[in-house]
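Reader: I have the sequence and the model open. Let us go through the fold by question and answer.

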Amino acid sequence: MLKKVLERFQQNPIKRTLIQINLVTTGIALLLASVILITDEMVSFRRSLIDNLTIQAKIIGNSSVDNLLFNATIEAEVDLASLEKSKSVAVAVIYARDGKVFATYHRDGVRNSFIPPAPQGDGYESGINRLSVYRQIFLEDARLGTIYIE
């Protein structure tokens, strides 16, 4: 196959061959640049989703400190219900210090299929169609619980 391509180039005038080489080189450069830009956009978008969920976890976690201290489950669920405005949040869970579920939020249609995962330290997990964030809730140096948002 390479032999046929070389024969074809030898049959063309030099000007035409140079133009073809230029077009192929430019096409490859544009394709490579496009792949790099698309990859960068995907990484940036994912990072912004992680940052957004982390900020929401911090806000809800900070507002849940009193709820955890005074065992106010209903108020904690009201705090979690504020996440319904965020279209990217399907589930949220606040865990008490002992790791037991303290309060939950489920977007409509998610309640039956969701099993709360075990609480973890600060961080995130990602899958093909999901992203979840864990954030510990502290009052000064005492850990009161953990929040999970997916």
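Author: Start with a pair in one helix. D51 and R47 lie four residues apart in helix α2, so about one helical turn separates them. Keep in mind that this is a predicted model.

Reader: How far apart are the closest N and O atoms of D51 and R47?

Author: The two residues sit about one helical turn apart in α2. Their side chains form a salt bridge, and the cut-off for that is 4 Å. The closest N and O atoms of D51 and R47 are separated by 3.1 Å.

Reader: How many salt bridges does a search of the whole structure find?

Author: D51 with R47 is a salt bridge. The search covers the whole structure, and its total is three.

Reader: Now the sheet. Which strands stand at the edges?

Author: The sheet is open and has five strands, paired antiparallel. Its order reads β2-β1-β5-β4-β3. Each edge strand has a single partner, so one of its sides lacks a neighbour in the sheet. The edge strands are β2 (101-106) and β3 (123-126).

Reader: By how many degrees are neighbouring strands turned against each other on average?

Author: Take the strands of this sheet in neighbouring pairs and ignore direction. The average turn is 15 degrees.

Reader: Which residue stands opposite I94?

Author: β1 (residues 91-96) and β5 (residues 142-149) run antiparallel. Five bridges join them. Opposite I94, in β5, stands I147.

Reader: And on the β3 side, which residue of β4 stands opposite Y124?

Author: β3 and β4 form a hairpin, with four residues between them. They run antiparallel and are joined by four bridges. The residue of β4 opposite Y124 is V133.

Reader: Which helix packs on the sheet and touches β4?

Author: Helix α4 (residues 73-81) lies across β1, β2 and β5, at about 35 degrees to β2. Another helix touches β1, β3, β4 (131-139) and β5. Its direction makes about 30 degrees with that of β4, and the helix is α2.

Reader: Which element gives the largest share of the lining of the largest pocket?

Author: This pocket has a volume of about 300 Å³. Of its 14 lining residues, L49, I128, N129, R130 and L131 are the closest to the centre. The lining divides into seven nonpolar, four polar and three charged residues. The largest share, five residues, comes from helix α2 (residues 14-63).

Conventions:
Residues numbered from 1 in each chain as written. Predicted model: local features only at pLDDT ≥ 70, side-chain atom pairs only at ≥ 80, totals over all residues. Heavy atoms only, no water. 1 Å grid on protein atoms, 1.4 Å probe; cavity = no way out; pocket = protein on both sides within 12 Å on 5 of 7 lines; lining within 4 Å. Points joined across faces, edges and corners; volume = space filled by probe spheres on them. Nonpolar A, V, L, I, M, F, W, Y, C, P; charged D, E, K, R; others polar. Pairing = 2+ DSSP bridges. Axes fitted to C-alpha atoms, helices over the stretch in contact; angles between N-to-C directions. Contact = heavy atoms within 4.5 Å.
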